[in-house]
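Got the viewer open? Let's take a walk through this chain, one selection at a time.

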Amino acid sequence: MAELCEATDAAIIEGGGFGWVEPQGRTALERHFRGVLLVPERELFVARLDGMVVGSCQLVRPPRNNEAQAFAAQLTHAYIAPYARGHGLARLMVQRVEERAASLGHRVLNLDVRETQKTAIALFESLGYTRWGTHPLYARVRGQTVAGHFYCKLLEPGRGRSTLALLGERAEEG
C-alpha cells in the first residue's frame, strides 16, 4: 500500500492520470484505495517494476441495474509514476485491462483524459482507441480550465462472434 500511495502522489505531482491535482498523502490515498477494493464493480490493476508498485488503473463495470450499458466498461485513473516510465508498463497495464474486460463479456472500453496528458493520449491512440468527442470545459487544473477527450475501443472476445458483426446485426434489428 505504501508503494501504491507513493507512486500515486508522484504521478499527481507530475500531472498524471488521476483526478486529483494536488498530492493527497498516504492517509487519504490508503482510504481511497481501500474503498476501491470494496466496490464490486471496480477492479484495481497495479504495475510493478523490479517488484515495486509504480502505477495503477481501474476497470469500472456498470452496476447490475444498468442492463442497457452492460456491454461497456470504463478504464479510469491510469498512471505510471514518472520515475518508472519508459519500460512499456502503461501499455501492458492497459492491455491487461482490455483482456479482463473482454473476458467479462464487455465489448467496448471507454475512457477520458485531459488534453494536457499528451503521453497518455499518444498511448491510447497507438492502442487503437478512437476519440469520439471533446469536452471544452472538462477540468480545472491549477486555475486553468482544460478540455478533455473521450475515447472508446471495441474489444474482441476470446471466442464467439466479433464485436463489429454483433453490433452490425443489432443495428439492423433496431
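In α2, the residues to colour as buried are Leu29, Glu30, Phe33 and Val36. Look down the axis of α2 and those buried residues fall within an arc of 125°, so they line one face of the helix. That fits a general pattern: an α-helix has 3.6 residues a turn, so residues three or four places apart point the same way. Swing round to the other side of α2 and you meet Thr27, Arg31 and Leu38, which are exposed.

Keep in mind that you're looking at a predicted model.

Now show what lies over the buried residues of α2. The cover includes α1 (2-14), along with strands β1 (42-49), β2 (52-60) and β3 (72-80). While α2 is still selected, try the distance tool on its ends. Helix α2 runs over residues 25-38, and at 1.5 Å a residue its 14 residues should span 20 Å; the end C-alpha atoms are 20 Å apart, so the two agree.

**Zoom out**

How many helices and strands does the chain have? There are 5 helices and 6 strands, and reading along the sequence gives the pattern α-α-β-β-β-α-β-α-β-β-α. Of the 174 residues in the chain, 39% are buried. If you switch on contacts with a separation of 6 or more, 57% of them join residues 24 or more positions apart. Turn on the surface too: its accessible area is about 9,800 Å², and 53% of that belongs to carbon and sulfur atoms.

**Select Glu43**

Glu43 sits in strand β1. Is it buried or exposed? Its relative accessibility is 18%, and the cut-off for buried is under 20%, so Glu43 counts as buried. Show side chains here and you'll find a polar contact between those of Glu43 and Arg100, at 2.9 Å. Leaving aside residues up to four places away in sequence, Glu43 touches Cys57, Gln58, Leu59, Arg61, Arg100 and Leu104.

**Hop to the cysteines**

From Glu43 you can step straight to Cys57, one of the residues it touches. Cys57 has 0% relative accessibility and therefore counts as buried. Next pick Cys152, which at 24% counts as partly exposed. Hunting for disulfides? The count comes to 0.

**On to α3**

Select residues 89-103 for helix α3. At 1.5 Å a residue, its 15 residues should span 21 Å, and its end C-alpha atoms are 21 Å apart, which agrees. Which residues of α3 are buried? They are Leu89, Met93, Val94, Val97, Glu98, Ala101 and Ala102. Add their surroundings to the view: the cover over these buried residues includes β1, β2, β3, β4 (108-114), α4 (118-126) and β6. Just after α3, stop at Gly105, where phi takes a positive value of about 95°.

**Two more backbone stops**

Positive phi values turn up at residues other than glycine as well. Click His77, where phi is near 55°. His77 has its place in strand β3, and at 22% relative accessibility it counts as partly exposed. Last, go to Arg142 in the loop between β5 (130-141) and β6 (144-154). Phi of Arg142 is near 50°, again positive in a residue other than glycine.

Notes:
Residues numbered from 1 in each chain as written. Predicted model: local features only at pLDDT ≥ 70, side-chain atom pairs only at ≥ 80, totals over all residues. Heavy atoms only, no water. Helix = DSSP H or I, 4+ residues; strand = E, 2+ residues; numbered from the N terminus. Expected span 1.5 Å × (residues − 1). Buried < 20%, exposed > 50% of the residue type's maximum accessible area, 1.4 Å probe, protein only. Arc of directions from axis to C-beta. Contact = heavy atoms within 4.5 Å. Polar contact = N/O pair within 3.5 Å; in protein donor to acceptor, adjacent residues only side chain to side chain. Disulfide = S-S within 2.5 Å. Areas by Shrake-Rupley, 256 points an atom, 1.4 Å probe, with all protein chains shown as cover.
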